[in-house]
Amino acid sequence: PVYALLFLSGGDEEHVKLVSGGDDEVSVWDWMQVVTAVDQTSAAESLSPLASLRAPQGDIGRGSLSARAETNAMAVDGERGRLFAASGDGNVYVWDTSTGGCVATMRGHSDSVLCAGLRPLGGLVTGSEDGTVRLWDPRCEEATTVLDPFQSSKKHPSFNGKRWIAALAVHPDD
């Protein structure tokens, strides 16, 4: 399944990429090839991603590796060439959009990261199943602020005893 989609612009229509985040990888597609595949069955059969970005696996001991986490949301900083992938393991993986390499792992949430957005004046905002919103400085890969909207109130509804942050919006003047 695909949990997140976004477009990367290359400056003109011929260089637009579609980015999809799913169970264990982020895939980068040539948008014009996707459009052609919708119109032509033969093109659909040969459609494949330009790149597949696979989140690192953690060492869980005794030579074993953890499963790769799903990507629940993404945000892109085109100016700095960074793609932020909010993952089910509580991390945000930072990918270089020109090389496809994972350049950083932003740690701090204690549960799945469900949403992500970029602040126009800089910084990343994430929301998680741990009930917190984190404001990050991507330059140092650390959360500069942690907001817990449920901390002072028990009036908010919960799902199975959890209070998730499943969506967020960033103000364009922030």
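## Pockets, cavity and cores in a predicted model

The second largest pocket holds about 290 Å³ of space. This description rests on a predicted model. Of the 18 residues lining the second largest pocket, L8, K17, V28, T97 and S98 are the closest to its centre, and the elements that contribute two or more residues to this lining are β1, β4 (51-53) and β9. By class, the lining of the second largest pocket divides into eight nonpolar, eight polar and two charged residues.

The largest pocket encloses about 360 Å³. Its lining is made up of 19 residues, among which D77, R80, F84, P138 and R139 lie closest to the centre, while β7 (71-77), β8, β10 (102-106) and β13 (133-137) are the elements that give two or more residues to it. In the lining of the largest pocket, 10 residues are nonpolar, two are polar and seven are charged.

The model also contains one cavity of 30 Å³ or more, and the space in the largest cavity comes to about 40 Å³. The residues that line this cavity are D24, E25, V26, L53, A55, A69, T71, A85, S87, Y93 and W95, with β8 (82-87) and β9 (92-96) as the elements that supply two or more of them. The table sets the three spaces side by side.

| Space | Volume | Lining by class |
|---|---|---|
| Largest pocket | about 360 Å³ | 10 nonpolar, two polar, seven charged |
| Second largest pocket | about 290 Å³ | eight nonpolar, eight polar, two charged |
| Largest cavity | about 40 Å³ | seven nonpolar, two polar, two charged |

Turning to the packed interior, the largest nonpolar core has 13 residues, of which L6, V19, V26, L53, M74, L83 and W95 touch the most other members. At least two residues of this core come from each of β1 (2-8), β3 (26-30), β8 and β9, and β1 provides the largest share, three residues. Three of the core residues just named, V26, L53 and W95, also belong to the lining of the largest cavity.

Which residues does L83 touch, leaving aside those up to four places away in sequence? The contacts of L83 are L6, V19, V26, L53, M74, A75, V76, Y93, V94, W95 and T97, and T97 is also among the residues closest to the centre of the second largest pocket. Apart from the largest core there is a second, separate core of 12 residues, which includes A86, A104, M106 and W136.

Conventions:
Residues numbered from 1 in each chain as written. Predicted model: local features only at pLDDT ≥ 70, side-chain atom pairs only at ≥ 80, totals over all residues. Heavy atoms only, no water. 1 Å grid on protein atoms, 1.4 Å probe; cavity = no way out; pocket = protein on both sides within 12 Å on 5 of 7 lines; lining within 4 Å. Points joined across faces, edges and corners; volume = space filled by probe spheres on them. Helix = DSSP H or I, 4+ residues; strand = E, 2+ residues; numbered from the N terminus. Nonpolar A, V, L, I, M, F, W, Y, C, P; charged D, E, K, R; others polar. Core = buried A, V, L, I, M, F, W, Y, C linked by side-chain atoms within 4.5 Å. Buried < 20%, exposed > 50% of the residue type's maximum accessible area, 1.4 Å probe, protein only. Contact = heavy atoms within 4.5 Å.
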